[in-house]
Amino acid sequence: MNDNEVDRQRLKSALGAVAAQDRTAMRLIYDQTADKLFAVCLRVLKDTAAAEDTLQDVYLKVWHHAARFDASRASPITWLCSIARNTAIDRLRSSRRVPTGDGEVPDLIPDDAPTADVVLEQRQAQARMIDCIGLLDGDHARCIRAAFFDGHTYVQLADRHNVPLGTMKSWIRRGLLRLRECLDDA
């Protein structure tokens with residue numbers, strides 16, 4: 001189990017304990033995530049003081065709603081980043097509800113860049129995928145990479161490895177099953 005997996009398990013356990021009002025577990029969550037969640041708040045709000053205040057609101061929400069965390073839907077850090085991002089956006093919206101000179105409320109300018117929690121989740125998923133592919137047999141791993149990342153067909157791969165088409169399909173199917181098991185265990 002790599003460090004990311006250990007951190008994920010530790011956060012998952014701590015969230016369960018916080019749901020039972022365990023202050024020590026809340027401290028562990030804070031210590032492990034404060035920098036990351038502050039960065040999410042700061043990215044949205046672009047103001048250090050507002051981000052600090054929002055971060056306090058984030059941890060209050062975590063304290064009150066930890067029982068809502070569902071590990072089958074998101075990793076702990078993704079769930080926490082979503083709370084931070086949504087809380088920061090709510091604060092931003094409430095602070096920007098100032099009428100303009102003609103009495104209208106200005107529209108917020110949308111930011112199409114991926115949010116920190118989305119980028120973080122994508123990186124975690126990529127790391128898990130790379131780790132799991134690395135555990136496959138050499139030929140199976142190469143064939144799966146070639147088929148799914150490079151766009152090669154089963155026929156091309158069978159020709160390249162001098163095996164019948166059915167054998168290539170079996171290799172990839174078995175490799176994908178092992179990959180799924182590995183990702184499900186993660």
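Start by selecting α1 (3–19), α4 (76–95), α5 (116–134) and α8 (165–185): each supplies at least two residues of the lining of the second largest pocket. Helices here are DSSP runs (H or I, at least four residues), numbered from the N terminus. You're looking at a predicted model, where local features need pLDDT of at least 70, side-chain atom pairs count only at pLDDT 80 or more, and totals for chains, interfaces and linings use all residues. Residues are numbered from 1 along each chain as its sequence is written, and side-chain values use heavy atoms, leaving out hydrogens and water.

Now pick Arg 8, Ala 71, Ala 74, Ser 75 and Arg 128, which lie nearest the pocket's centre among its 16 lining residues. A pocket is an open set of points on a 1 Å grid over the protein atoms alone, where a 1.4 Å probe fits, with protein on both sides within 12 Å along at least five of seven lines; lining residues have an atom within 4 Å of a point. Helix α5 gives the most, four residues.

Next, colour α1. Its buried residues (under 20% relative accessible area, 1.4 Å probe, protein chains only) are Glu 5, Arg 8, Leu 11, Ala 14, Leu 15 and Val 18. Just past this helix, click Gln 21, which has a positive phi of about 65 degrees.

Back in α1, show Asp 7 and Arg 10: they form a salt bridge (a side-chain nitrogen of Lys or Arg within 4 Å of a carboxyl oxygen of Asp or Glu), with the closest N and O atoms 3.5 Å apart. The two sit three residues apart, about one turn of the helix.

Last stop: Asp 53 and Arg 91, joined by another salt bridge at 3.8 Å, N to O. This pair links distant parts of the chain, helix α3 and helix α4, 38 residues apart. Add Asp 57 to see the salt-bridge network that links it with Asp 53 and Arg 91.

Note on methods
Buried < 20%, exposed > 50% of the residue type's maximum accessible area, 1.4 Å probe, protein only.
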